[in-house]
Amino acid sequence: DFEDDGTPIDVEAISSQTNAALGLRMDTTTRAAMDQQVPAIAGCLNRLLHEDLGADDDSEVRKLLREGTKLVDLTNRPTAETPPFGTYLYLRNVALLTRRLLWIYSERNGLDAP
């Protein structure tokens, strides 16, 4: 669920969050550390999915939004039964897509690239 509280997207905070998620290494990261990152990074992606990113005029953006919508769906998120590698891949996929959408958001709004 998403409720827009009217606050603008914090490009720096989302960029920092994606950096932290992408900085996790499978060989040295615990499942607990990954589980801690999942809600935050999925929340960042969900927030961007509700912004005007130009999907009406750009088929690539529409494709990215469909992919993002699928990723943030609770039925597709890792569970306790998901193997650690599956959680790691999910986290990376969400972080990478969030970065792409954050870049599009920044470009559309005349902001510095993240």
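**Figure 1. Leu 48 and the residues around it.** In this predicted model, let's start with Leu 48, which touches Ile 9, Ile 14, Leu 53, Thr 98, Leu 101, Leu 102 and Tyr 105, leaving out residues up to four places away in sequence. Leu 48 is also among the residues with the most contacts inside the largest nonpolar core. Two of the residues it touches, Ile 9 and Leu 53, are on that list of well-connected core residues as well.

**Figure 2. The largest nonpolar core.** How many residues does the largest nonpolar core have? The count is 31, and the ones with the most contacts inside this core are Ile 9, Leu 45, Leu 48, Leu 53, Leu 65, Leu 91 and Leu 101. The helices α1 (11-23), α2 (31-49), α3 (59-72) and α4 (84-108) each chip in with at least two residues. Which helix gives the largest share of this core? That would be α4, with ten residues.

**Figure 3. The whole chain, for orientation.** Stepping back for a moment, the protein chain has four helices and zero strands. Follow the sequence along and you read the pattern α-α-α-α. The radius of gyration is 14 Å, close to the 13 Å that the globule rule gives for 114 residues, so the protein chain is as compact as a globular protein of that length. If you drew a box around the C-alpha atoms along the principal axes, it would be roughly 40 × 25 × 25 Å. Of the 114 residues, 39% count as buried. Now take the contacts between residues at least 6 apart in sequence: 72% of them join residues at least 24 apart.

**Figure 4. The surface and its charges.** The accessible surface of the protein chain adds up to about 6,900 Å², and carbon and sulfur atoms account for 48% of it. As for charges, the chain has 12 positive and 19 negative ones. Take the mean position of each set, and the two points sit 8 Å apart.

**Figure 5. Pro 83, in the loop between α3 and α4.** Here we zoom in on Pro 83, which has its place in the loop between α3 and α4. Is Pro 83 buried or exposed? It is exposed, with a relative accessible area of 51%. For a sense of distance, Pro 83 and Ile 104 are 21 residues apart in sequence, and their C-alpha atoms are 32 Å apart in space.

**Figure 6. Pro 84 and its contacts.** Pro 84 has its place in helix α4. Its relative accessible area is 39%, so Pro 84 counts as partly exposed. What is Pro 84 in contact with, once neighbours within four places in sequence are set aside? The answer is Met 26, Arg 31 and Met 34. Ala 42 is 42 residues away from Pro 84 in sequence, and C-alpha to C-alpha the pair is 17 Å apart.

**Figure 7. Phe 85, across from Met 26.** Phe 85 also lies in helix α4. With a relative accessible area of 47%, Phe 85 is partly exposed. How far apart in space are Phe 85 and Met 26? From C-alpha to C-alpha they are 7.4 Å apart, although 59 residues separate them in sequence.

Methods:
Residues are numbered from 1 along each chain as its sequence is written. This is a predicted model: local features need pLDDT of at least 70, side-chain atom pairs count only at pLDDT 80 or more; totals for chains, interfaces and linings use all residues. Side-chain values use heavy atoms; hydrogens and water are left out. The radius of gyration is taken over C-alpha atoms; the globule rule is 2.2 Å times the number of residues to the power 0.38. Buried means under 20% relative accessible area, exposed over 50%, partly exposed in between (1.4 Å probe, protein chains only). Contact means heavy atoms within 4.5 Å. Accessible areas come from the Shrake-Rupley method with a 1.4 Å probe; for residues, only the protein chains shown count as cover. Lys and Arg count as positive and Asp and Glu as negative; His and the chain ends are not counted. The place of a charge is taken as NZ of Lys, CZ of Arg, CG of Asp or CD of Glu. A nonpolar core is a set of buried Ala, Val, Leu, Ile, Met, Phe, Trp, Tyr and Cys residues joined through side-chain atoms within 4.5 Å.
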